[in-house]
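Please walk through this protein from its overall composition to its helix contacts and then to its strands. The paragraphs below follow that order.

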Amino acid sequence: MSASGLGYNEQGGEAAPEQGQEATPTTAPSVPAAFGLFSSDTKKNEDLKQMLESNKDSAKLDAMKRIVGMIAKGKNASELFPAVVKNVASKNIEIKKLVYVYLMRYAEEQQDLALLSISTFQRALKDPNQLIRASALRVLSSIRVPIIVPIMMLAIKEASADLSPYVRKNAAHAIQKLYSLDPEQKEMLIEVIEKLLKDKSTLVAGSVVMAFEEVCPDRIDLIHKNYRKLCNLLVDVEEWGQIVIIHMLTRYARTQFVSPWKEDGVLDEDNEKDFYESDEEQKKKDQKVKKPYAMDPDHRLLIRNTKPLLQSRNAAVVMAVAQLYWHLAPKSEAGIVSKSLVRLLRSNREVQYIVLQNIATMSIQRKGMFEPYLKSFYVRSTDPTMIKTSKLEILTNLANEANISTLLREFQTYVKSQDKQFAAATIQAIGRCATNISEVTDTCLNGLVCLLSNRDEIVVAESVVVIKKLLQTQPAHHGEIIKHMAKLLDTITVPVARASILWLIGEYCERVPKIAPDVLRKMAKSFTNEDDLVKLQILNLGAKLYLTNSKQTKLLTQYILNLGKYDQSYDIRDRTRFIRQLIVPNEKSGALSKYAKKIFLAQKPAPLLESPFKDRDRFQLGTLSHTLNTKATGYLELSNWPEVAPDPSVRNVEVIELGKEWSVALGKAKKEKPIEKFYSDSEEESASTTDTESESTSESEKEKNGKEEGSSMDNSESSSSEELSDSESESKEGTAKKKFKTTEERHSDSDETEKKTKLISKKRKSSGSSDSESISTEESSSDSESESDSESDAEYRKRKNAVASKRKEMVVPEKKAPTKQDVSLLDLDDFNPVSTPVAFPTPAILSPSLVADLEGLSLSRSSVIDVSSPVFVPMKTHELLHRMSGKGLAAHYHFSRQPCIYGDQMVSVQVTLMNTTDQKLENIHIGERKLPAGMKMHVFNPIEFLEPEESITVSVGIDFCDSTQTASFQLCTKEDHFNVNIQPPVGELLLPVTMSEKDFKTEQGMLTGMNETSATITVAPQNSTRLVLLEKVVKAANLGVVPSGQDNIHRSIGVLPSITAGPF
C-alpha cells in the first residue's frame, strides 16, 4: 500500500501549491495558488479512469488501491463511480473486493448508477467466496431505494441460511438497514432475527442481538430459548458484540428475575408479636417472613459469565459489565467492579470522563465501593477541567469523618488552582462537606471566610454564595460574618455574590440593625447601574427594612420603589408594583397587606446542598442518556424488578433427538413410538434382574477368588471382542445369511434386541485395546464364527429361562411388548446392508440421546474412526467445596479422561472428599440436583462416615450434552447441605480418536464452511518443536494424535460423545 500511496502522491493528489500553480492554465494567472490543488484532481482522476478501463488486471488493481486510499484520507472519489462500477463483474477476486468496498461507500449517493448493477450483485450473492457474498449483500443493503426492498428481503433470507458465519453476520447488519428503509417489513424481519438468534456462531451473536435491539426490543419471548446460549457464548464474542449483548441481557434480566436486593429488607417485617399469638404461631410466622432469598440459576449464570470480562482490554466492555453488576448483582457482589473501573482511569481523557461520571453516580448510593481507591481520584495538574470537576465530585461523595481532614487539605490546594472554574467548584465542594459532616462545619466556614480576602474575584464570589447557604443552617451564631460580608459590597462586582450578600443582610436585618440601613443607602445610589439580579434583592432589602425599621428607611424605600417603577426591565417594574401594594397601606390595598411581615420575614428552610449526579440514577449506567442527564433518542428504559419471577421453564431448550432426524432423512415413514416404551415392562424387569444377578455374582467371585479378578476381566473383554468380530464378519456376508434364519430366531425380535444391548462395549472397550489385538481378534473370530454363534445362543437361552423363572415368583403386573418397538434399530440393515453392525450399550433402558447415537453410528463412517485411550491425563484439580464453606468438608475434583462406566455419553469426574474437622462426618451424599434440560448425572453411593483428617475418592458421571453448561447440585452431610457447581472445559468433553492421515484429510474436507474455525497463534521458537506443540495441545484438550508425513504440520483429532466422526 505504501508503494501505491507514493504513486498517488506523484500524480499530484498531495502536491505542493507550486505544483498546483504549474498545472493551472496560463490564461488565468490571477487564480490563487491554492486553487491548483482542485484543478489537478481532473488530471489525476482521468489517469485513474484510464487505468480502470485498461485490459490489465494489475493496472485496475493499482487504480482501485489508490481510490480506496483516497477514501481513507477523506477525499471525494464519487466522480469515479461510473468507471469503478464497470469492474463489478471482474473475475479477479482482489479487484472485486476493492470495488465492493468503494460501492459500499458511494452506493447511497449514486443510487441510479448502482441500480444498473443490481443483477451483478444478485449473482455475487451466489459466489463461492464468502467475502464476495457478504460484500454483495452489504452493497445491496446500502442502496436506499424503496423499489428494491423485495430483492433485499430475499437476499437477507438467503444469507441468513448461508454456511458461512461471516455472511450470516452481514445478513444481521442488513436487517437494520432494511428496517430503517421500510418499517413495514418488521414482521418478516422478526422471523429472520428469530432464526439467526438460534445460530451458535460467536461471529453472528453480537450482530443479531443488535438487529433485535433495533427492530423488536420488546419481543423478549425471542430471547427465552437463547438466553443460556448467549450467556455461555459471551466470552468468545467480539468486543462490539459483547457490549450489545450485555446491555440486552441487563434489560432481559430485570423482567425475568426477582430483585436480589430484597434479602435485607424482607427479614424485619411483621416482627411484632400479636397479643393473643402463641409462640408456635410466632415461630411459623418468622419462618415465613425470614424465607432466605435464593437466586435463580439463570440469574447467577449471567453474573458469573460476565465476571471474566472485567479484565477486558476494551473500556466499553468493562463499563458494560460494571453497569450489569450495578443493576443486577446483589449489593454484596457489586463491589468487584470498582477495581476494574479504577483501572480505566489510566485511559485517555474521553474514557476517563465517561467512567468518572458513572463512578460519581455509584458513589452517591454505595460509598464503600470506592473508599479504598480514594487516592486514585486525586486531581492532577495535567487533567482537563471536565476530569477535575468529575474527580472533585467523587471525592465529595466519598467524604466522611475518617477522611475529611485529608480531603480538606487537598481542597485547600485546589482552591489555589489557576483554573478558576475548578477553583469555584472546589468551594462548592467544601460547602457540601460542611453541610454533610457536622463536625467540620465551623472549620469549613472559617476557611471560606478567609477566602473572602482572596484577590481573585471569582473565588470570593463563590465563597459568598456558599457562605450564604451555610449561614442559613445556623444564623444565630454568625452575626460577625454577616457584618464582614457587608463590607465586601464595595469591592465585589460579581452580580450573584452581591445579590447573595444583600439577601443575607435583608434576611437577618434584625441582627445587624445598624448596618442594614446604611447598606440600603449605598445600594440606592448605584441602583440604576446594578444588574437585574441585584436590583431585585435591593427591592427585597428595602421591603424588609420598611417592615422592621420604618423610621430610618421609609423614605429610602419609597425612593427605591420610584426608581424601580420606571426601570427598563419589566421584571423590576412588576416586582416594584407588587411590593408597593403589599407594604404601603392605602385604600386600594387588599387583605394581604396585613400579612406583609409574615410573608417577607417567614422562616426559610435551609438549602440542601446535593450532588448534581443524584437524579441520574434513573438512567441506565453507561448510556448516552446518563451522560447527558436527559433521555436520548432510542433509549430503552430498565423495567422495575417483578414481584414474582415469571416461569423459568420458558428458558429450557428442548433437546432435538438425532435419531428422528436420521429417520426423516432416510425416508422412514413409520409411526414414532415414545422412547420410554422402547422395551416392554417385562423386558425392563428382566434386564434389571440380570444386572443385579451379575453384580451379586461378581461380588461373590471377588470375595472368593481375590486375585483372579484381572483374568476374569480379560476373559470378558476377549469374549466381547469375539462377539463383536462375529457380528462384523456376519454383516460382511450380506443378506444371504439372513434368509436362513431359524423360525425361533425370526419370532424373537425382542430377544435379539435384548441380546444386542449386551454388546455395549464395542466403542469403549475396543478403544482400549491396541490395533494388533483387534486384528488378531477379528481373524480368530472369523475362523470360529459358527462356534461362537451357537455358544452365545445357548448362553442367552439359559439366561433368559433363569430370568423367566425368577419373574414368575414375583407378582408384578406385566404388559405385552409391542411388536414393532425395535424396528428403528434392527431395520437399519435395510438401508445399509453391508455396514458394520452397531454395538449397543449394556443398560437395559436406553436413553433418548443414546438411541440417537446408535442410529447415527450405523450410518456413519465408523470404519475410519476408532476411539483410543487418552494421550495425556491432567492431574490439575479444581475446588468444588472449600473447607470453610463446607464446615470442615472439603471437596476437589478432576477429569480422569477415562471412559465413564455409567454411560457412553457421560464424562467421568473423580471427586476427592476430605474431612478437615476433628469429628466424624456422617452420611455424605449428593442431594438435590439443579441440572439444565437434557443434562444427566450419575451420583456416587452415600458414604456412611468419614473419619477426621481422612479422605476418599469417588467417581461421578455427568452427561453435559456436549456443552459447557454448569452442573449444579447439593453436596450433603447428615446436618448440612452445600450448593456446588461443576463446569467442564471444552477439551474435557472430547474423546481421543486414532485415524490415518489420509482418512483425516477426507474427514476434514467434509467439515468446511460453518463447521470450520481457524485461528493464528504466535509460538515462541523454543515451543515450536513437534513434541512441545503436541504436549500443549493434549494438555488443553483430550485429543488423539494423527500421524503426519510432514514435519511442519501437526494434526490432532477428537469427537464429542454424541458425534461419531469429524476432526476437532
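What percentage of the 1064 residues of the protein count as buried? The value is 45%. The model is a predicted one. Its secondary structure comes to 46 helices and 13 strands. Take the contacts between residues at least 6 apart in sequence: 69% of these join residues at least 24 apart.

The first stop is a pair of helices. Two packed helices are described by the angle between their axes and the distance between the axes. Helix H11 covers residues 165-181, and helix H13 covers residues 202-215. Their axes lie 8 Å apart, at an angle of about 10°. That angle makes H11 roughly parallel to H13, since angles under 35 degrees count as roughly parallel. The crossing of H11 with H13 is left-handed. On the H11 side the contact includes Pro165, Tyr166, Arg168, Lys169, Ala172, His173, Ile175, Gln176 and Tyr179. These meet Leu203, Val204, Ser207, Val208, Met210, Ala211, Glu214 and Val215 in H13. By class, the residues of this contact between H11 and H13 divide into 11 nonpolar, three polar and three charged.

Gln176 can be followed individually within this contact. Gln176 sits in H11 and, leaving aside residues up to four places away in sequence, touches Ser207, Met210, Ala211 and Glu214. Each of these four partners is listed for H13 in the contact between the helices. Is Gln176 buried or exposed? Gln176 counts as buried because its relative accessibility is 19%, and the cut-off for buried is under 20%.

A second helix pair is formed by H29 (residues 532-548) and H30 (residues 550-565). Their axes come within 8 Å and cross at roughly 150°. H29 passes H30 in a left-handed crossing. From H29, the contact draws on Ile538, Leu539, Gly542, Ala543, Leu545, Tyr546 and Thr548. From H30, the contributors are Ser550, Thr553, Lys554, Thr557, Ile560 and Leu561. The residues of the contact of H29 with H30 comprise seven nonpolar, five polar and one charged.

Met362 offers another view of a helix residue. Met362 lies in helix H20, which spans residues 349-365. With a relative accessibility of 0%, Met362 counts as buried. Which residues does Met362 touch, not counting residues up to four places away in sequence? They are Ala322, Trp326, Leu341, Met369, Phe370 and Leu621. A separate relation links Met362 with Asn397, 35 residues apart along the chain: their C-alpha atoms are separated by 9.5 Å.

The strands come next. Five of them form an open sheet in the order S2-S3-S4-S8-S6, with antiparallel pairing. The edge strands are S2 (878-881) and S6 (936-938), each of which pairs on one side only. From one strand to the next, the twist averages 35°. Within this order, S3 (residues 889-899) and S4 (residues 907-915) pair in the antiparallel sense over eight bridges. Phe895 stands opposite Val909 in S4.

Strand S3 also contains Arg897. The relative accessible area of Arg897 is 7%, so Arg897 is buried. Its backbone has a phi near 60°, a positive value in a residue other than glycine. Most residues other than glycine have a negative phi.

Another positive phi in a residue other than glycine is found at Asn923, with a value near 50°. Asn923 belongs to strand S5, residues 921-930. What is the relative accessible area of Asn923? The area is 33%, so Asn923 is partly exposed.

The pairing of S5 can be traced to two strands. Three bridges join S5 to S7 (residues 943-946), and the two run antiparallel. Glu922 stands opposite Phe945 in S7. Four bridges join S5 to S9 (residues 967-972), again in an antiparallel arrangement. Here His925 stands opposite Cys972 in S9.

Terms used. Residues are numbered from 1 along each chain as its sequence is written. This is a predicted model: local features need pLDDT of at least 70, side-chain atom pairs count only at pLDDT 80 or more; totals for chains, interfaces and linings use all residues. Side-chain values use heavy atoms; hydrogens and water are left out. Buried means under 20% relative accessible area, exposed over 50%, partly exposed in between (1.4 Å probe, protein chains only). Contact means heavy atoms within 4.5 Å. Axes are lines fitted to C-alpha atoms, for helices over the stretch in contact, and angles run from 0 to 180 degrees between N-to-C directions. Angles under 35 degrees count as roughly parallel, over 145 as roughly antiparallel, 65 to 115 as roughly perpendicular and the rest as oblique. A crossing is left-handed if the near helix is turned anticlockwise from the far one by less than a right angle, and right-handed if clockwise. Ala, Val, Leu, Ile, Met, Phe, Trp, Tyr, Cys and Pro count as nonpolar, Asp, Glu, Lys and Arg as charged, and the others, Gly among them, as polar. Two strands pair if DSSP finds at least two bridges between them.
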